[in-house]
Every structure is written in structure tokens, then in C-alpha cells.
Amino acid sequence: MIKIYFTILLVGLIGGIGYGGYYYYKDTQNRIKVLTENNAKLEVARKVQDETIKTLTDDAKKFNELNRKLSKDMQRAESYRNNLIDKLRKHNLTRLSQKKPELVEKKINDGTQKLFDQLEGLTALPSSSSAK
């Protein structure tokens with residue numbers, strides 16, 4: 001009788017160890033699967049992040065260059081403005097327009113037309129020869 005109990009205990013113990021090994025194997029395989037999927041997601045996220053960083057770096061360089069160009073253009077515009085202010089201070093336009101109204105009117109109209117032409121040239125859509 002003890003032999004039967006011992007055999008049942010031994011079979012139960014071996015069965016428990018077998019089940020434990022099987023459970024450990026399945027759990028480990030599931031973990032490996034989850035970790036592999038997570039690793040693939042992280043690789044994709046890293047690639048996207050690297051591309052984003054590169055794009056941001058390129059944009060920052062581009063913006064810095066455009067900012068330098070804009071600063072140079074601003075300095076030229078300020079210089080031109082100061083030049084115009086100096087010219088206007090030298091001439092008394094009120095007195096000149098009273099003495100020679102036709103001359104002042106012609107100069108103002110010519111200057112206005114030139115300004116409008118330049119503004120139109122800057123804002124006009126480029127004409128395409130294929131759009132007929």
C-alpha cells in the first residue's frame with residue numbers, strides 16, 4: 001500500500017514538475033513575443049524620431065539663413081528710409097509745391113507709379129506659357 005501511495009505521490013510530483021515546466025515555457029514564449037513586438041515598435045519610433053530631429057535641424061539652419069537675409073534686407077531698407085528722410089528734410093515740399101505745382105505733381109505721380117509697378121512685380125503670380 002505504501003508503494004502505491006509513493007507511486008501516486010511520485011507521479012503527482014513528476015506531473016506537477018512537468019506542468020510547471022510547461023507553464024514556464026508558455027509564459028516565456030509569450031514574454032518573448034511581447035518583447036519582440038515592443039522592440040519592433042521602438043525601432044520604428046526611433047527611426048521616426050531621428051527623421052524628425054533631422055528635419056528640425058535642417059529647418060533651424062534654413063530659418064537662421066533666412067533670418068540673416070531678412071536682417072540684411074532690413075538694414076538696407078532702414079538705410080534707404082534714412083536717405084529719404086534726409087532728402088525730405090533738405091527740401092521744403094510745401095514751398096516747392098506752391099512755386100512749381102506741376103513739377104511736384106509729376107514727380108509724385110511718377111514715384112507713385114514706380115512704387116505700384118514694383119509692388120505688382122513682387123506680388124504678381126508668375127505667368128506660365130503653358131497656361132493658355
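## Exercises on a three-helix chain

Asparagine 82 lies in helix 1, where helices (H or I, at least four residues) and strands (E, at least two) are DSSP runs numbered from the N terminus. The model is predicted, and local features need pLDDT of at least 70, side-chain atom pairs count only at pLDDT 80 or more, and totals for chains, interfaces and linings use all residues. Residues are numbered from 1 along each chain as its sequence is written, and side-chain values use heavy atoms, with hydrogens and water left out.

**Exercise 1.** Describe the surroundings of asparagine 82 and its separation from isoleucine 14.

*Solution.* Begin with accessibility: asparagine 82 has a relative accessible area of 37% and is partly exposed, given that buried means under 20%, exposed over 50%, and partly exposed in between (1.4 Å probe, protein chains only). Then turn to distance: asparagine 82 and isoleucine 14 are 68 residues apart along the chain, and their C-alpha atoms are separated by 99 Å.

**Exercise 2.** Set out the secondary structure and the overall dimensions of the protein chain.

*Solution.* First, the protein chain holds three helices and zero strands, and from the N terminus on its elements run α-α-α. Second, the radius of gyration of the protein chain is 42 Å, whereas a compact globule of 132 residues would have a value near 14 Å; the radius is taken over C-alpha atoms, and the globule rule is 2.2 Å times the number of residues to the power 0.38. Third, along the principal axes the C-alpha atoms fill a box of roughly 140 × 45 × 20 Å. Finally, buried residues make up 1% of the 132 residues.

**Exercise 3.** Which side chains meet in salt bridges within helix 1, and how are they placed?

*Solution.* Start from the total, which is eight salt bridges in the structure, a salt bridge being a side-chain nitrogen of Lys or Arg within 4 Å of a carboxyl oxygen of Asp or Glu. Among them is the pair of aspartate 58 and lysine 54, with 3.1 Å from N to O; both residues lie in helix 1 (residues 2-90), four residues apart, about one turn of the helix. Aspartate 58 is partly exposed at 35% relative accessibility, while lysine 54 is exposed at 53%. The side chains of aspartate 73 and arginine 76 also meet in a salt bridge, at 2.2 Å from N to O, and because these two residues are three apart in helix 1, about one helical turn separates them. Aspartate 73 is partly exposed, with a relative accessible area of 27%, whereas arginine 76 counts as exposed at 53%.

**Exercise 4.** Locate the salt bridge of lysine 106, and then name the residues that shared partners join into a network.

*Solution.* The side chain of lysine 106 meets that of aspartate 110 at 2.9 Å, N to O. Because they are four residues apart in helix 3 (residues 101-123), lysine 106 and aspartate 110 are separated by about one helical turn. Salt bridges that share partners join Glu43, Arg46 and Asp50 into one network.

**Exercise 5.** Characterise methionine 1 and the surface patch to which it belongs.

*Solution.* Methionine 1 is found in the segment before helix 1 and is exposed, with a relative accessible area of 65%. Together with Ile4, Tyr5 and Ile8, Met1 forms a nonpolar patch on the surface, with about 490 Å² of accessible area in total. Patches are made of residues with over 30% relative accessible area and no salt bridge, like charges being joined within 9 Å and nonpolar side chains (Val, Leu, Ile, Met, Phe, Trp, Tyr) within 5 Å, and accessible areas come from the Shrake-Rupley method with a 1.4 Å probe, for which, in the case of residues, only the protein chains shown count as cover.
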